Amino acid sequence: MKSKALLVIFLLFAVVAGLVSCMQSFNKKNEKLPDIVSYNFHIRPIFSDKCFKCHGPDVSKQQAGLRFDIPDSAFAPLKETRGAFAIVPGKPNESEMFKRISST
């Protein structure tokens with residue numbers, strides 16, 4: 001009897017956790033995009049979480065000689081792809097970064 005009660009409590013907890021998770025992801029999809037994008041508030045945290053590990057200040061872990069934490073490197077011509085730039089300000093379709101993160 002005790003194991004059945006624990007099973008029911010566990011299943012109830014799983015259902016509630018699933019509903020809460022669905023509601024949170026639903027709310028995030030409905031969030032309005034900001035009118036003005038702040039690099040330090042909106043962009044830098046993404047870079048820090050996803051990009052700086054391989055393209056940050058740690059030279060020993062740096063890949064392709066590319067850093068995104070300093071503008072001189074982020075906007076410089078790419079060494080491996082002639083005539084290409086990692087980031088082209090105001091022209092995302094010309095930025096290799098945009099092409100690579102938006103491609104399948």
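**View 1. The whole chain, helix by helix.** Helices here are DSSP runs of at least four residues, numbered from the N terminus. With that in hand, the protein chain of this predicted model reads α-α-α-α-α along the sequence. That makes five helices and zero strands. Of the 104 residues in the chain, 17% are buried. The accessible surface adds up to about 9,000 Å², and carbon and sulfur atoms hold 64% of it. Now look at the contacts with a separation of 6 or more: 7% of them are between residues 24 or more positions apart.

**View 2. Asp69 and the residues around it.** Let's zoom in on the loop between helix 3 (52-55) and helix 4 (71-74), which is where Asp69 is found. Is Asp69 buried or exposed? Its relative accessibility is 17%, and the cut-off for buried is under 20%, so Asp69 counts as buried. Leaving aside residues up to four places away in sequence, Asp69 touches Arg44, Phe52, His55, Gly56 and Pro57.

**View 3. Asp69 meets Arg67.** Stay with Asp69 and pick out the side chain of Arg67. A polar contact of 2.6 Å joins these two side chains, and the pair also makes a salt bridge, with 2.6 Å from N to O. The two partners sit on either side of the cut-off for buried, under 20%: Asp69 is buried at 17%, while Arg67, at 22% relative accessibility, is partly exposed.

**View 4. A salt bridge between Lys50 and Asp49.** How many salt bridges are there in the count? There are five, and one of them brings together the side chains of Lys50 and Asp49, at 3.6 Å from N to O. Here both partners, Lys50 and Asp49, are exposed.

**View 5. One turn along helix 5.** Next up is helix 5, residues 96-102, home to both Arg100 and Glu96. These two residues are four apart, about one turn of the helix. Their side chains meet in a salt bridge of 3.3 Å, N to O. Arg100 counts as exposed because its relative accessibility is 55%, whereas Glu96 counts as buried because it has 15%. Lys99 joins in too: salt bridges with shared partners tie Glu96, Lys99 and Arg100 into one network.

**View 6. Tyr39 and Phe47, edge-to-face.** Time for the rings. A pair of aromatic rings is described by the distance of the centres and the angle of the planes. The count for this model comes to three aromatic pairs. In the pair of Tyr39 and Phe47, the ring centres are 6.3 Å apart and the planes lie at 80°, so this pair is edge-to-face. Tyr39 is partly exposed, with 35% relative accessibility, and Phe47 is buried, with 10%.

**View 7. Phe47 and Phe68, a tilted pair across the chain.** Phe47 also pairs with Phe68. Which kind of pair do Phe47 and Phe68 make? Their ring centres are 5.5 Å apart and their planes are at 35°, so the pair is tilted. It links distant parts of the chain, with Phe47 in helix 2 (residues 39-50) and Phe68 in the loop between helix 3 and helix 4, 21 residues apart. Both Phe47 and Phe68 are buried.

**View 8. The aromatic cluster.** Finally, put the rings together: Tyr39, Phe47, Phe52 and Phe68 form one aromatic cluster. Phe52 may ring a bell, as it is among the residues that Asp69 touches.

Terms used: Residues are numbered from 1 along each chain as its sequence is written. This is a predicted model: local features need pLDDT of at least 70, side-chain atom pairs count only at pLDDT 80 or more; totals for chains, interfaces and linings use all residues. Side-chain values use heavy atoms; hydrogens and water are left out. Buried means under 20% relative accessible area, exposed over 50%, partly exposed in between (1.4 Å probe, protein chains only). Contact means heavy atoms within 4.5 Å. Accessible areas come from the Shrake-Rupley method with a 1.4 Å probe; for residues, only the protein chains shown count as cover. A polar contact is a pair of N or O atoms within 3.5 Å; within protein, one must be able to donate a hydrogen and the other to accept it, and residues adjacent in sequence count only if both atoms are side-chain atoms. A salt bridge is a side-chain nitrogen of Lys or Arg within 4 Å of a carboxyl oxygen of Asp or Glu. Rings of Phe, Tyr and Trp (its six-membered ring) pair if their centres lie within 6.5 Å; planes under 30 degrees apart count as stacked, over 60 as edge-to-face and the rest as tilted.
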